[in-house]
Structures are given as C-alpha cells and as structure tokens.
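This report describes the arrangement of a protein and DNA assembly for a reader who meets it for the first time. Please view the sequence and the structure before reading on.

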2 protein chains.
Amino acid sequence: MTNIKKVAEASGVSTATVSYVLNNGPRPVKRETRDRVFAAMRDLNYHPSAIARRMHGKRVNTIGVVALHPIRSVFKDPYFNAVIGGIVDAGAKLGQSVMIFNGDRWLDPDTAVPIFCDGRCDGLLLLVAPLGDRMIPELKMRTTPFVSINEAASDPDVSSVDISSYDGAKMMVRYLIERGHRRIAHFTGDDYYQSANDRFRGYREALADAGIEFDPRLVYQGRYDYESGYDRALENGKAIAQSATALFCANDYVAYGALRGLAANGVCVPGDISIAGIDGVDFGPEHGTKLTTMDQDLEGLADEAVQLLMHLIEDSPLIPIKKIRPLRLREGDTVAAPAR
Amino acid sequence: MTNIKKVAEASGVSTATVSYVLNNGPRPVKRETRDRVFAAMRDLNYHPSAIARRMHGKRVNTIGVVALHPIRSVFKDPYFNAVIGGIVDAGAKLGQSVMIFNGDRWLDPDTAVPIFCDGRCDGLLLLVAPLGDRMIPELKMRTTPFVSINEAASDPDVSSVDISSYDGAKMMVRYLIERGHRRIAHFTGDDYYQSANDRFRGYREALADAGIEFDPRLVYQGRYDYESGYDRALENGKAIAQSATALFCANDYVAYGALRGLAANGVCVPGDISIAGIDGVDFGPEHGTKLTTMDQDLEGLADEAVQLLMHLIEDSPLIPIKKIRPLRLREGDTVAAPAR
DNA sequence: TCCGTTTATCTAATCGATTACGTGCTGATA
DNA sequence: TATCAGCACGTAATCGATTAGATAAACGGA
C-alpha cells in the first residue's frame, strides 16, 4: 500500500511536510513544495488511512446509530426507516458515514457500550427507547458524545432531540373536538414508553379543557404496533362504534390496525367513526388510505439530531442541549364530523 | 482513557503480556498471570481500541454497505430496506457492525472508493446497480474485499450473490400460462438494468416455449417504480384489459402501481385481469392486497452475501465465488384463471 | 556586520495496540 | 556440573499518520 512515507520520498520532503499539505496546516508550506507533494499523491494514488489519523484524535467522519427495539425488527418499521434514512442523508451531506448498531447483541449495555465507543465512531445517535435508561449511564462514563432521539430525554445531562408527545396528542384531540366529537376513544401504546404516557395525558387534558368528562371505559390499553390496534378493534369494534364517534390512536401503526379491524367489523371510516393517529409515518405510495395524523417530520428530526451531534463533536459545549420539535396536523381521509 | 499500558502497570506485567492475554495468543501466558491481567482490565474498565488494533492488520469487525441508487432514496424503498436490514441482522449475529454509504456524495467512484477503503471497513457489500460498472474497476485496484449483490456480476473476477432474473421471469410467465392465460402483457423495468432485460427475455422465452407468438403491442416500456406502473395502467388500462388476460410486471412496485392504475380505470384484479410481479418485496402488514410474485427471499440473500464476504475477509480465496439464488413462486390474490 | 525574527522544513516523540526477538529461569539429560 | 530445550515474560520495533521542538536559511533593522 502507498503510505505517507512513500509520498514523502517521492516528493523529496519529510512526512511532516506531507502531513501539513494534507491537512492544510497547522504549519504553512511553500506553494512550490505543496504542488510537488500533491503531484506525488496523485501519481501514487495516495489516500490517507482514516484509522491512523484517528490515532491522533482526528475524526473518522463516522456517526454511529444505535437503533434498538426490544421487540420488533427495526428495518421492517417505517418509523425507524424514516429516521435512519434521514440520518444517513443528513450525514452524507456533511461528509459523514453512518454506522448502524442493531441486533440483540447490543442489548446489554455493559458489553455493548464499550464497543460503541471503541473509536470507530466520532459520536452516537440513540434510537433506543425504552432502553435508554440502562444505556445512558454507561455512555456518560465515556467520552464519546451522543444525542438521544425521542425518549430518554428525562436525564438533564443528556443532549437530545425530541417531540412533544403531550402537545401533539392534545392538539389532535382538540382538533377532533373542534370537528364536533365529544365521545372520543383512545388506544394507548406500550406503557413503558414515556411517550405513550404523555400521549394519554395529552388526550385527557384536551378533554378536560373542553369540559368533557374523561370516561375510562373508552380507553383501550395496548401496544405501539399494528397488531395491537387490529386486535383491539376486531374484539371491540361494535362497542367502540356505539360508544364513541372518534378514536384517537397512540400512533399510526395502531391507527392503521384499528382501521382494518373496524373494517372487518363492518364499521366505516370516517362514516361511522373517525380515526386519528400520531407520528406521521410514511407508508409509501403503495399504501391506500391516507390517515389523519400529527406529523413529526422524521427527516427534519433526523437532520436536527445529526446537526446537534456534529456540534457536540466539533465544539464540545459544556452544557447539554435539548431540542423539542413541534408536531403539525396532517389531514387525511379518516376524520369527518360525527354522523348523528 | 485507560489503555493497555495502564493495565500492564496495574497488573505488574508488560504490555506484550497484556496483549497476549487479550488475544489469547499468539504466545501462552501462565494462568496465574492471566487472571491478574483480567482482574486489572475489569478494575480499570479497560476495553481495547479497535482503531489501534486495526493498525496491525487486525479486523475492526465492520462491513461497509455501499447502497446507491441513481434516482430514488434507498431508505424509502422496501427492497433496499429488506436487503440492508438482512445484512445488519446477519452481521450482528457474527459480531459485525454495518456501515452505510449512501448519498450523492458517493456517486463518483474516484473520490468515493478511496474512502470506502480507508480502513474503517474490513470488507464491502455493493448494492449499486446499475453503477457497478464504474465502481468495480476502482475497487479491484485496492485490497478491500467486496461482494456485489444483484447486478454487475458480469465481471468474472468479482465475487457476487445474485438471483436469476431470467429464470424467475420465465417461471412466472409459465405459471400464468398454466393457469390458462395466452395473452400476457408486460410492463418492463428501466432498460439500463441488466435484470430488467433478463426479465423481459424470460417473458419472451416462456411464451416461445408454450408456442405463443410474441406480440410487441403487449409490451409497455417503463421503469422499476410504482409511479411507472401506475401511469402506464392509468393511460392504457382499458386497452390492456381488452387485449390481455394477464399482466406480468418487471417488479413488485410496478405491479402495485398497475394494480391501482387499473382499479382507477374500473378494471378488477384478478376478475378482469391477473397481475403478477417479481421480487417478493414485503410491504408490511399495513398493506392490503397480496400480490402474486416470485419471492427472492431478500433476508436469505443478504445473509448469504454477508457470509460470502466474511469468507473473503477471513480466508482470502484466490478465485472469485459466484452464487446464484433461486426464486420461488408466492401465490397471492392477484392471479386467477382468465374469465372469458 | 551582527543579531533577532520569520519562514520553511526536518527530526523525532506520540497515539494504542501487536509481535519478532531476546533473556532469565527451570528442569531434564549426559 | 555443563548443556540444552522449553517456558514465561520483557524489550523494542512497528503500523501510518500528527505535531511539538529543533534547525537552517533568508531577511531586516540597528
């Protein structure tokens, strides 16, 4: 392989000079010499080893994404896909490659965190809810900067980018109320997610603000996935359609599941009941129905997280930075005024 | 940071001995000493730097995935998602992390390939059709092993994992013929993909084998995406329904597009016309109609590619290895016998 | 003309590991 | 007891870069 030594020999200078040319500093090099070095680099098809540079604290232009999910596969999930895709895109624009840590192998923080921080990445993005509580203390013991995305931002020392699930849920339920609904059911998400609790709280607050009494019989405990929404809608479809005119689901998967589960019960959406989700996940053009949801702009979220991480890597600020992103209503075809 | 030197001091041995303990070789260490070293590593919370080890030709346990597409975003594409997800899963099982190279930044082989090979990855997987022709000559000049996945396997020196698009298309068209169809239309894929041409060829051969004359009026040139299928079906829906009883699409996106485009024309599938795809892309449970398609088992493909790459990395065999994977028919709800 | 500055470059230490080579010790053999 | 093999481990070179410190030449002011 061609290394810096060969380039130095070929251009008749020391390796130090080649390095100064390569990095455009920290010491100046005469233009004439510089040109000779560049020529030698071209002739020998030289490209510096990222590894050797990292030995001196230089960056490797790699950001690690720890994308773990306790149950489902991350790559079959449009939410994770959108975020990871956004990270890769945002990274590529800034010349950063992205390393993905995904799989059961990384679930144990004691063995995983040292590997995340073994020098291959300049910084880390965490997509690990609800595992962050176990992961973050380990990460804080090391020097690799990291940003937590959606969840686990409760720790005040951790830089994070997050959405306000509470506000989003509240806005959506307020919207349903404005459309004339007063009997609004709710399918919850997994209760070990902080966001699921926040969304439930936003739902209750919006009702309270409108002077509507909270009815626990309209709340169906569930998980954050399609099957959960489908199963609950299939079991309770008729009851829901009779007792409520709208159904607010804890996320878009649940909402789509509910949609199909209700359809299987012969309930029409939005004719018989309105359905609203939250997250704004893009299921692609192949998908049929457009869901009314709160869009959290996952690409924008990813972009902001990457930029924040780059800031941490480059400037290592002393105090943690927390960003909260707003959700925006996206009207689809699943909400209408109540029939009655 | 704690490094090997501190561990050596703490356990009263030299760094060499610590290294022998760490690597369990190449020289033996007395059990007693080994225990002392392990204890010191635990006490100091020591974990070796992957970077420094790489300086001595050791592996970093990272495989790079070059996932480029000339037009669409890779992460909004279920095909790429399935393959990349499969690679990440297969890698995690073998203790490998995956680095993703994606974005316009890497389209130019002259600047990109040196970066792919800058030491951060032990090997590369190429998902770059149809760009491989430009990328592969550059890669062959370097020492980083690589495997090409689907396309660009034409170069006899390159190890690859591929499906036989020709056989798959032929099998699918033969199946349609067996179901009673004789007038079979075809939506092609982008003609700069070798696979698209192979699929078209398989279509023609299957017709020829059954003694059915090839009718160029039944062939609609297009691209490998949903919109292409949709647009062609929307424009020509009635004509297609009248002139053919089945439609074989160059991939699953096109097929889904055709499905919706025909529906918009009031054509029923499979009542009025049967539709078949090829690839076996999984659109997730949220998706409605089940397409009849040729499944190429993308997870299995990814798994085999990772294993092949690991073989190249570990054993550096002298001759390239080429694998061809079969496609399997997956019956869905979009093919029936012709109505007549 | 002499000395201090500036400029351009070289020498060598350094990063954190791996490993070839050298050394001291033990025990078996002649 | 001298010799030699083998074991256990230390010393130091090495990987490919970066960079502080040393050095030599050019330049400018008193």
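## Terms and status of the model

A residue is taken to be near a DNA strand if its C-beta atom, placed from the backbone, lies within 6 Å of that strand. Helices and strands are DSSP runs, numbered from the N terminus. The model discussed here is predicted.

## The surface near DNA strand D

DNA strand D is surrounded by 29 residues, and the closest are Asn3(A), Ala16(A), Ser19(A), Ala16(B) and Met55(B). The elements that contribute two or more residues to this surface are α2 (15–23) and α4 (50–54) of chain A, together with α2 (15–23) of chain B. Helix α2(A) provides the largest share, namely six residues.

In terms of residue character, the surface near DNA strand D consists of 14 nonpolar, 11 polar and four charged residues.

## The surface near DNA strand C

Around DNA strand C there are 29 residues, of which Ala16(A), Met55(A), Asn3(B), Ala16(B) and Ser19(B) come nearest. Two or more residues of this surface are given by each of α2 of chain A and α2 and α4 (50–54) of chain B.

Which element gives the most to the surface near DNA strand C? It is α2(B), with six residues. The surface near DNA strand C divides into 14 nonpolar, 11 polar and four charged residues.

## Contact between the two chains

Chains A and B touch through 39 residues of chain B and 39 residues of chain A. On the side of chain B that touches chain A, at least two residues each are supplied by α4, α5 (78–93) and β2 (97–101) of chain B. Of the elements of chain B, α5(B) gives the most to this side, with six residues. The residues on this side of chain B comprise 18 nonpolar, 14 polar and seven charged.

The chains are also linked by strand pairing. Strand β2 (residues 97–101) of chain A pairs with β2(B) in the antiparallel sense, over three bridges. Within this pairing, Met99(A) has Met99(B) as its bridge partner.

## The sheet and the helices packed on it

Strands of a sheet pair through backbone hydrogen bonds, either parallel or antiparallel. In this model, 12 strands form an open sheet with mixed pairing, in the order β11(A)-β5(A)-β4(A)-β3(A)-β1(A)-β2(A)-β2(B)-β1(B)-β3(B)-β4(B)-β5(B)-β11(B). The edge strands are β11 (322–325) of chain A and β11 (322–325) of chain B, each of which pairs on one side only. Neighbouring strands of the sheet are turned against each other by 20 degrees on average, direction ignored. Within chain B, strand β1 (residues 62–67) and strand β3 (residues 123–127) run parallel and are joined by five bridges. Here Ile63(B) stands opposite Gly123(B) in β3(B).

Helix α5 (residues 78–93) of chain A packs on the sheet, where α5 touches β1 (62–67), β2, β3 (123–127) and β4 (146–149) of chain A together with β2 of chain B. The direction of this helix makes about 175 degrees with that of β1(A). Helix α12 (residues 298–315) of chain A lies across β1, β3, β4, β5 (160–163) and β11 of chain A, and runs at about 160 degrees to β4(A).

## A helix pair in chain A

Helix α8 (residues 165–178) and helix α9 (residues 194–209) of chain A have axes that come within 7 Å and cross at roughly 35 degrees. The crossing of α8(A) and α9(A) is right-handed. Among the residues that make the contact are Tyr166(A), Val173(A) and Ile177(A) of α8(A), and Arg199(A), Tyr203(A) and Leu207(A) of α9(A). The contact of α8(A) with α9(A) comprises seven nonpolar, four polar and seven charged residues.

## Two individual residues of chain B

Asp303(B) is situated in helix α12 (residues 298–315) of chain B. Is Asp303(B) buried, exposed or partly exposed? A residue counts as buried from 20 other C-beta atoms within 10 Å and as exposed at 12 or fewer; Asp303(B) has 19 and is therefore partly exposed. Beyond its neighbours within four places in sequence, Asp303(B) is in contact with Gly86(B) and Ala90(B). Asp303(B) and Ser274(B) are 29 residues apart in sequence, and their C-alpha atoms are 33 Å apart in space.

Tyr256(B) belongs to helix α11 (residues 252–264) of chain B. Tyr256(B) counts as buried because 28 C-beta neighbours lie inside 10 Å. Tyr256(B) and Glu227(B) are 29 residues apart along the chain, with their C-alpha atoms separated by 9.3 Å.

Definitions and conventions
Residues are numbered from 1 along each chain as its sequence is written. Chains are lettered from A and ligands numbered from 1 in the order in which they are written. This is a predicted model: local features need pLDDT of at least 70, side-chain atom pairs count only at pLDDT 80 or more; totals for chains, interfaces and linings use all residues. Helices (H or I, at least four residues) and strands (E, at least two) are DSSP runs, numbered from the N terminus. Ala, Val, Leu, Ile, Met, Phe, Trp, Tyr, Cys and Pro count as nonpolar, Asp, Glu, Lys and Arg as charged, and the others, Gly among them, as polar. Two residues are in contact if their C-beta atoms, placed from the backbone, lie within 7 Å. Two strands pair if DSSP finds at least two bridges between them. Axes are lines fitted to C-alpha atoms, for helices over the stretch in contact, and angles run from 0 to 180 degrees between N-to-C directions. A crossing is left-handed if the near helix is turned anticlockwise from the far one by less than a right angle, and right-handed if clockwise.
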